[in-house]
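Trainee: Could we go through a protein model together? I'd like to learn how to read it one feature at a time.

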Amino acid sequence: MADALAQSAPGSDELDLLLAVLPDSLRRSLTDTDRTALTEIVMDLGRPAAARIDGRTRALSQRAVRPEDLAHVIDRIGEFTEDNRAGIARTLHRIAALRNRKGQIVGLTLRVGRAVHGTIDILRDLLESGRNLLILGRPGIGKTTKLREAARVLADDLSRRVIVIDTSNEVAGDGDIPHPAIGEARRMQVPHPERQHAVMIEAVENHMPEVIVVDEIGTEAEAAAARTIAERGVQLIGTAHGNTLENLVMNPTLSDLVGGVHVVTLSDDEARRRGSPKTVTERRAPPTFDIVVEIVERDEVVVHRDTALAVDRLLEGMDPGGERRTRGTTVRAREIADERRPSEEAGVAERLPPSHEKTVRVYPYALSRDLLERVIRDLRVNARAARRPEDSDLIVALRSRAEDARLTRLVDATGLPLHVVKSNTTAQLRRVLQNVFNVMQGFDDEEVKDAVREVEHAIQRVLNEGVEVALAPRRPMIRRMQHRMIVRYHLDAEAAGREPLKHLVIHPRRH
């Protein structure tokens with residue numbers, strides 16, 4: 001029946017094919033609905049059917065759904081697989097079933113599937129790089145839509161041999177013929193969800209792909225298969241549930257995708273050298289995915305170009321950094337929480353970190369003044385808590401309040417450095433102030449001051465003269481501190497040489 005529906009409406013709106021499986025009364029109640037805003041139709045036995053339109057729920061009938069209403073829909077769609085999903089041939093719509101303890105269907109969720117061209121534009125440069133890319137985001141945020149478009153762009157525009165591993169036929173639609181939305185990419189269907197990892201390996205061994213695209217990596221076996229594929233030189237594009245990179249790092253099942261985590265006990269000498277406790281949490285191995293993308297909203301993402309560095313920063317208690325991108329623009333975001341704003345006057349160098357020869361006034365926005373003063377005392381830095389933002393040298397704000405209109409106007413008007421913390425705790429405030437004042441426990445003060453003076457001078461040269469500057473060799477923790485200072489000014493730095501002569505090289509901005 002589903003195949004007949006698809007063949008009977010060539011060129012018609014695919015939404016009509018989904019609405020055609022509904023009972024007449026429900027279909028009529030949707031005639032005045034904004035088709036582009038409809039995302040889901042829910043039918044639960046004994047309750048009125050409802051539609052989810054632009055984030056709101058609207059009842060479609062006063063009458064409760066009856067068994068014959070569910071049967072009407074079930075008879076007109078494809079068979080349900082073991083993961084209780086079905087579809088309509090040659091479309092991207094997905095129908096999911098709720099069952100009672102006897103296995104009988106007592107509810108249906110009919111989800112509208114759409115192919116949206118252009119959604120991957122903000123990530124296209126990452127696809128072209130050939131590096132492995134993992135997309136994170138909450139359910140319904142658009143991960144699969146971006147994955148589908150990525151497959152098409154890689155196959156059609158970049159002429160790569162692409163295979164899509166389609167576990168629930170959500171990427172390329174139901175039926176034997178893939179939906180045109182994936183372009184010339186090939187599709188391998190997965191007979192049972194628990195065999196997704198085996199099909200991933202089979203695709204590499206049997207079909208010589210250059211790129212594997214896989215949706216919803218969710219088990220240890222699938223994570224292991226992803227690592228195997230990456231080690232064979234095949235580009236891997238995948239998605240996983242989780243709002244942020246931090247969620248993934250803390251997920252014991254999936255943390256292997258970003259290198260895994262283990263606890264290490266250091267010797268006394270090593271702990272002193274690092275300026276850390278004897279027991280630390282470290283990344284276990286190189287990440288499977290070189291790049292991680294967090295979907296914030298449908299048209300806004302945060303990109304971590306270096307997964308290894310971002311994970312290491314998280315495990316050290318620092319902000320992982322990242323680039324915030326929106327469709328049509330690419331702007332820096334959360335790249336070390338203490339980003340400074342450039343001067344508006346052309347040719348004028350950005351302000352360097354505040355001199356610690358004088359007392360630095362710190363204003364806590366939506367944070368406890370008492371906690372801030374306690375951290376300042378504990379760290380013994382030359383600072384004090386300011387009572388008004390207008391009288392401060394920098395502002396520390398709670399991340400959830402960082403977009404407040406008052407704060408935004410103040411920062412725009414004054415150009416004050418803005419630092420953000422996730423929560424109102426001494427640990428979060430300590431990390432920010434340690435970064436700002438370059439506090440490194442376990443290191444000689446003169447060594448740290450010398451490294452700070454060196455990188456400040458180098459940054460000035462790069463900004464003013466546009467030349468590449470190499471720094472002196474430093475220990476790893478000192479280099480990380482220097483790197484934090486460099487990226488505050490939208491400059492790139494890379495490590496050169498080998499220990500003990502390893503050092504940073506600062507590059508001028510690309511125009």
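Trainee: Let me start with one residue: which helix is Gln196 found in?

Mentor: Gln196 belongs to helix 7. Keep in mind as we go that this is a predicted model.

Trainee: Okay. Is Gln196 buried or exposed?

Mentor: Look at the relative accessible area, which is 2% for Gln196. Buried means under 20%, so Gln196 is buried.

Trainee: And how far is Gln196 from Val214 in space?

Mentor: Their C-alpha atoms are separated by 9.0 Å, with the two positions 18 residues apart along the chain. You can do the same exercise with Asp492 and Ile506: they are 14 residues apart in sequence, and their C-alpha atoms are 6.0 Å apart. Asp492 lies in strand 23, residues 492-496, and is partly exposed, at 36% relative accessible area.

Trainee: Next up, backbone angles. What sign does phi have in most residues?

Mentor: Most residues other than glycine have a negative phi. Here, Met208 goes the other way, with a phi near 50°. Met208 sits in the loop between helix 7 and strand 10.

Trainee: Is Met208 buried or exposed?

Mentor: The relative accessible area of Met208 is 59%. The cut-off for exposed is over 50%, so Met208 counts as exposed.

Trainee: Which other residue has a positive phi although it is not a glycine?

Mentor: Glu216 is one, with a phi of about 55°. Glu216 is in the loop between strand 10 and helix 8. With 27% relative accessibility, Glu216 is partly exposed.

Trainee: Now the inside. Which residues touch the most other members of the largest nonpolar core?

Mentor: That core has 32 residues, and the ones touching the most other members are Leu134, Ile165, Ile212, Ile229, Leu245 and Leu257. Several elements give two or more residues to this core, including strand 7 (133-137), strand 8 (162-166), helix 8 (220-231) and helix 11 (307-315). Helix 7 gives the largest share, five residues.

Trainee: How many cavities of 30 Å³ or more does the structure hold?

Mentor: There are two of them. The largest has a volume of about 60 Å³, and the second largest about 40 Å³.

Trainee: What lines the largest cavity?

Mentor: Among the lining residues are Ser25, Leu26, Met43, Arg63 and Asp69. To read a lining, sort it by class: this one has five nonpolar, two polar and two charged residues. Then see where the residues come from. Helix 3 (24-28) and strand 3 (56-64) each supply at least two, and strand 3 has the largest share, three residues.

Trainee: And the classes in the lining of the second largest cavity?

Mentor: Two nonpolar, four polar and three charged residues. His93, Arg94, Asn169 and Glu170 are among the residues that line the second largest cavity.

Trainee: Last topic, rings. How is a pair of aromatic rings described?

Mentor: You give the distance of the centres and the angle of the planes. In this structure, though, there are zero aromatic pairs to describe.

Trainee: Then what sits over the ring of Phe80?

Mentor: The charged end of Arg99 does, 5.9 Å from the centre of the ring. Find Phe80 in the viewer and look for Arg99 over the ring.

Terms used. Residues are numbered from 1 along each chain as its sequence is written. This is a predicted model: local features need pLDDT of at least 70, side-chain atom pairs count only at pLDDT 80 or more; totals for chains, interfaces and linings use all residues. Side-chain values use heavy atoms; hydrogens and water are left out. Rings of Phe, Tyr and Trp (its six-membered ring) pair if their centres lie within 6.5 Å; planes under 30 degrees apart count as stacked, over 60 as edge-to-face and the rest as tilted. A charge sits over a ring if NZ of Lys or CZ of Arg is within 6 Å of the ring centre and within 35 degrees of the ring normal. On a 1 Å grid over the protein atoms alone, a cavity is a set of points where a 1.4 Å probe fits but cannot get out, and a pocket is an open set with protein on both sides within 12 Å along at least five of seven lines; lining residues have an atom within 4 Å of a point. Grid points are joined across faces, edges and corners, and a volume is the space filled by probe spheres set on the points. Helices (H or I, at least four residues) and strands (E, at least two) are DSSP runs, numbered from the N terminus. Ala, Val, Leu, Ile, Met, Phe, Trp, Tyr, Cys and Pro count as nonpolar, Asp, Glu, Lys and Arg as charged, and the others, Gly among them, as polar. A nonpolar core is a set of buried Ala, Val, Leu, Ile, Met, Phe, Trp, Tyr and Cys residues joined through side-chain atoms within 4.5 Å. Buried means under 20% relative accessible area, exposed over 50%, partly exposed in between (1.4 Å probe, protein chains only).
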